[in-house]
Amino acid sequence: MASRKLFGTDGVRGVANIYPMTTEIAMQLGRGLAFVLSRKNRRPKIVIGKDTRLSGYMIENALASGICSMGADVVLVGPLPTPGIAVTTASMRAAAGVVISASHNPFQDNGIKIFSADGFKLPDEMEARIEKLILENNYPDFKVTAERVGKAFRLDDATGRYVVFLKQTFPRELSLEGLKIGLDCAHGAAYKAAPAVLEELGAQVTCIGVKPNGHNINAGFGSLHPERIGSVVVKKGLDLGVALDGDADRAIFVDENGQVVDGDHIMAICAQDLLNREVLKKRTLVATVMSNLGLEKAVQKMGARLIRTRVGDRYVVEEMRKRNLNLGGEQSGHLVFLDHNTTGDGILSTLMVLSVMLRENRSLSDLADTMESFPQVLVNRQVAAKPPLESLSVLPQAVRAAEARLRGDGRILVRYSGTEAKIRIMIEGQDQQEIEALAQELGQVAVQEIGAPG
């Protein structure tokens with residue numbers, strides 16, 4: 001992964017119309033994907049979906065052109081949540097699904113990520129093969145002409161199919177009748193699907209962020225701004241609020257008092273529910289190193305186990321698949337219910353939380369008490385280089401001393417930024433002042449040992 005030039009941990013991403021998010025790269029990516037898939041399929045079929053960004057039109061056309069030029073067919077589904085594209089890819093038995101989205105980023109950014117035929121993200125080795133083809137432009141003895149050129153057609157009812165899929169995940173014995181829900185779709189990909197699902201299941205839905213114009217996606221709305229739907233919930237006396245991000249693969253909740261309920265609390269709520277119903281596989285939950293220590297303590301109290309992965313929902317899913325587990329996620333609101341879908345799904349997560357509320361006949365604020373968050377502080381320091389942490393001597397010693405001062409009731413995580421020359425020091429503990437002081441001390445030690453930039 002370290003040597004990649006195009007693909008990152010979640011596909012290709014950047015400012016639209018600036019390398020690598022150009023139409024030229026998009027066309028080459030389409031060609032590379034179709035070429036790799038044609039080795040396994042006589043005439044591959046590839047689904048393309050997008051969020052509501054203005055640049056989605058040009059990237060969609062470039063991708064489709066590249067795919068068709070290599071003899072594969074394209075199914076265009078238009079604006080659809082990322083998890084909806086995963087579902088459509090699998091249900092249509094397509095060879096792959098392509099998502100054009102930059103998730104929670106501002107509208108000028110865009111990205112391209114790819115799902116395999118099974119709806120899971122494309123394996124690293126296949127991404128590497130496609131990247132090699134793009135960079136070397138080497139397609140030996142592969143010419144497509146005449147009737148072998150691919151065709152593109154539009155699937156008009158993709159949103160309707162996804163809505164039906166989501167409704168089928170909701171327990172038939174339950175109904176949302178009488179529930180008042182605030183919904184923020186971030187002017188993004190879920191602006192049609194999310195309200196439709198909740199309303200068709202009986203809820204009274206108050207919507208914001210459902211008027212995309214190409215450049216307002218995530219702008220003051222969505223999962224990065226849950227306070228907006230929180231104020232609506234309080235003002236209108238709603239039962240809860242949900243804020244999705246631009247591609248709707250994550251959800252952040254607010255309770256009836258307008259208080260944010262993040263992904264860690266939702267995982268604790270859902271883990272307890274699955275345990276109560278004896279369906280949490282291996283009594284184990286998967287989260288990342290960034291999840292709060294309070295989640296770990298809550299899960300242990302339930303008599304279950306928490307496994308941590310590196311940051312990124314793809315690593316959560318990989319661990320879940322490897323161990324045959326069914327619940328995982330991130331503090332940021334990516335929640336994965338592998339019994340139902342192959343990737344994080346904000347609307348699905350909403351239905352799962354609502355089902356717990358109805359089964360337990362409890363408010364979201366009451367359920368959120370399942371977990372108590374530890375105070376947390378994050379310090380970032382610019383450094384001259386990023387030598388392997390295990391090669392350092394002074395900083396690891398200082399970390400061990402700091403851990404001893406936490407007396408077993410805290411956690412320290414030290415890692416480098418994936419994109420910048422920065423070291424990040426995250427500390428959790430019982431005492432806010434103590435962990436802030438420890439984080440500042442460790443940050444100073446890190447800069448002294450590694451060196452400051454410039």
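In which helix does Tyr57 lie? Tyr57 belongs to helix H2, which covers residues 56–69. The model described here is predicted. The largest pocket holds about 1600 Å³ of space. A search of the whole structure finds 25 salt bridges and one cavity of 30 Å³ or more.

**Helix H2 and the surface patch**

- Tyr57 joins Leu54 and Phe107 in a nonpolar surface patch of about 310 Å².
- The relative accessible area of Tyr57 is 52%. Exposed means over 50%, so Tyr57 counts as exposed.
- Met58 is also placed in helix H2. Its relative accessibility is 27%, which makes Met58 partly exposed.
- Met58 and Asn17 are 41 residues apart along the chain, and their C-alpha atoms are separated by 9.3 Å.
- Glu60 lies in helix H2 too, and Lys50 lies in strand S2 (residues 45–50). These two residues form a salt bridge, with 3.3 Å between the closest N and O atoms.
- The Lys50 and Glu60 pair therefore ties together parts that are 10 residues apart in sequence.
- Both Lys50 and Glu60 are buried.

**The largest pocket**

- The lining of the largest pocket counts 41 residues. Closest to the pocket centre are Thr9, Val311, Gly312, Arg415 and Gly418.
- Three elements give two or more residues each to this lining: strand S1 (12–15), helix H10 (313–323) and strand S17 (410–416).
- H10 supplies the largest share, three residues.
- By class, the pocket lining has 15 charged, 14 polar and 12 nonpolar residues.

**The cavity**

- The largest cavity holds about 40 Å³ of space.
- Its lining is made by Thr9, Asp10, Gly11, Lys113, Ile114, Lys121, Leu122, Glu127 and Arg314.
- Five of these lining residues are charged, two are polar and two are nonpolar.
- Thr9 is among the residues closest to the centre of the largest pocket, and Thr9 also lines the largest cavity.

**Salt bridges**

- Side chains of opposite charge can pair when their charged atoms come close.
- Asp118 forms a salt bridge with Arg321, the closest N and O atoms being 3.5 Å apart.
- Asp118 sits in the loop between strand S5 (109–116) and helix H4 (124–136), while Arg321 sits in helix H10, so this pair ties together parts that are 203 residues apart in sequence.
- Both ends are partly exposed: Asp118 has a relative accessibility of 37%, and Arg321 has 44%.
- Arg277 pairs with Asp273, with 2.9 Å between the closest N and O atoms.
- Asp273 is buried at 4% relative accessible area, whereas Arg277 is partly exposed at 39%.
- Asp124, Glu127, Arg314 and Glu318 are joined into one network by salt bridges that share partners.
- Two members of that network, Glu127 and Arg314, are among the residues that line the largest cavity.

**Backbone features**

- Most residues other than glycine have a negative phi, and most peptide bonds are trans.
- Asn17 has a positive phi, near 75°, and is not a glycine. Asn17 is in the loop between S1 and H1.
- The relative accessibility of Asn17 is 52%, so Asn17 counts as exposed.
- Pro20 is found in the loop between S1 and helix H1 (23–38). A cis peptide bond joins Pro20 to Tyr19, with omega about 5°.
- Arg93 is not a glycine either, yet its phi is positive at about 55°.
- Arg93 is in the loop between helix H3 (82–91) and strand S4 (96–100). Arg93 is exposed, with a relative accessible area of 77%.

**Met302**

- Met302 is placed in the loop between helix H9 (293–301) and strand S13 (305–309).
- Is Met302 buried or exposed? Met302 has a relative accessible area of 13%. Buried means under 20%, so Met302 counts as buried.
- Met302 and Gly263 are 39 residues apart along the chain. Their C-alpha atoms are separated by 18 Å.

How values were computed. Residues are numbered from 1 along each chain as its sequence is written. This is a predicted model: local features need pLDDT of at least 70, side-chain atom pairs count only at pLDDT 80 or more; totals for chains, interfaces and linings use all residues. Side-chain values use heavy atoms; hydrogens and water are left out. On a 1 Å grid over the protein atoms alone, a cavity is a set of points where a 1.4 Å probe fits but cannot get out, and a pocket is an open set with protein on both sides within 12 Å along at least five of seven lines; lining residues have an atom within 4 Å of a point. Grid points are joined across faces, edges and corners, and a volume is the space filled by probe spheres set on the points. Helices (H or I, at least four residues) and strands (E, at least two) are DSSP runs, numbered from the N terminus. Ala, Val, Leu, Ile, Met, Phe, Trp, Tyr, Cys and Pro count as nonpolar, Asp, Glu, Lys and Arg as charged, and the others, Gly among them, as polar. Patches are made of residues with over 30% relative accessible area and no salt bridge: like charges are joined within 9 Å, nonpolar side chains (Val, Leu, Ile, Met, Phe, Trp, Tyr) within 5 Å. Accessible areas come from the Shrake-Rupley method with a 1.4 Å probe; for residues, only the protein chains shown count as cover. A salt bridge is a side-chain nitrogen of Lys or Arg within 4 Å of a carboxyl oxygen of Asp or Glu. Buried means under 20% relative accessible area, exposed over 50%, partly exposed in between (1.4 Å probe, protein chains only).
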